[in-house]
Amino acid sequence: MEHPRVVDPRHPLVERVRAVCLALPEAVEVEAWGRPTFRAAKPIFVHVSASMERPLSIVLKTDPDEHHALVQDGRFFGPPYYDRDRWVGVDLDRPDTDWRLLAELIETSYRQVANRRQLTALDALRPEHADG
């Protein structure tokens, strides 16, 4: 059974998320559950539309050391169906949306699921963030 489309994949806010996600090495977009998902090959690192009630939101995987601080921030919420110890949701259509922070969190989410080759490629793009 096909899922109904939850959000217009051409919405400008979705396009903005897409641009950030697809700039990461080997990132791909796959529609799943009627929503765009962004994957590091197979593992999801960003899922658009946390719920039917929040179509203009994203869900992303947090760094374990940053998770507690993020859930204390009122801009983030525990998304349904995701492990709330590692994933957060954030609405894209708030007037105080910090796109620089979102881009950093998207990259952090990618780093949580990417394989060694993908991380090496990302570190080559961002040598200031490379470990070592």
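Which residue stands opposite E29 in β2? Hold that thought, everyone, and we'll get there through the sheet.

First, a word on the ground rules. What you see is a predicted model, so to speak for its local features I need pLDDT of at least 70, side-chain atom pairs count only at pLDDT 80 or more, and totals for chains, interfaces and linings use all residues. Residues are numbered from 1 along each chain as its sequence is written, and side-chain values use heavy atoms, with hydrogens and water left out.

Let's start with the overall picture. The chain has 4 helices and 6 strands; helices here are DSSP runs of H or I with at least four residues, strands are runs of E with at least two, and both are numbered from the N terminus. Read from the N terminus, the order is α-β-β-β-β-α-β-β-α-α. The radius of gyration is 14 Å, close to the 14 Å that the globule rule gives for 132 residues, so the chain is as compact as a globular protein of that length. That radius is taken over C-alpha atoms, and the rule is 2.2 Å times the number of residues to the power 0.38. Along the principal axes, the C-alpha trace spans about 45 × 35 × 25 Å.

Of the 132 residues, 45% are buried, where buried means under 20% relative accessible area, exposed means over 50%, and partly exposed is in between, using a 1.4 Å probe and protein chains only. Turning to contacts (heavy atoms within 4.5 Å), among those with a separation of 6 or more, 51% are between residues 24 or more positions apart.

Now to the sheet. It is an open one of 6 strands, ordered β1-β2-β3-β4-β6-β5, with antiparallel pairing. β1 (27–32) and β5 (76–77) stand at the edges with a single partner strand each, so one side of each has no neighbour in the sheet. Two strands count as paired if DSSP finds at least two bridges between them.

Here is the answer to my opening question. β1 and β2 (residues 35–40) run antiparallel and are joined by 6 bridges, and the residue in β2 that E29 faces is F38.

Moving along, β3 (residues 44–48) pairs with β4 in the antiparallel sense over 3 bridges, and V48 stands opposite I58 of β4. On to β6 (residues 87–91), which is antiparallel to β4 and joined to it by 5 bridges. Two of the partnerships there are S57 with D91 and L60 with V88. At the far end, β5 and β6 pair antiparallel over 2 bridges, with F77 partnered by G89.

So which way do the side chains go? In a regular strand they alternate between the two faces of the sheet. In β4 (residues 57–61), 5 of 5 residues are buried: S57, V59 and K61 point one way, and I58 and L60 the other. β6 also has 5 of its 5 residues buried, so it is largely enclosed by the rest of the structure. There, W87, G89 and D91 point one way while V88 and V90 point the other.

Let me pick out two buried residues outside the strands. H67 sits in helix α2 (residues 64–72) and counts as buried at 8% relative accessibility. Beyond its neighbours within four places in sequence, H67 contacts T62, R84, D85, R86, W87 and V88. W87 and V88 are residues we just met in β6. S49 is in the loop between β3 and β4, and it is buried too, with a relative accessible area of 0%. With the same neighbours set aside, the contacts of S49 include V6, V7, R35, P55 and I58.

Two loop residues deserve a look at the backbone. E26, in the loop between α1 (12–22) and β1, has a phi near 60°, a positive value in a residue other than glycine. A41, in the loop between β2 and β3, has a positive phi as well, near 70°. E26 is partly exposed at 38% relative accessibility, and A41 is partly exposed at 37%.

If you rotate the model while we chat, try following β4 across to β6 through the S57 and D91 pair. Thanks, all!
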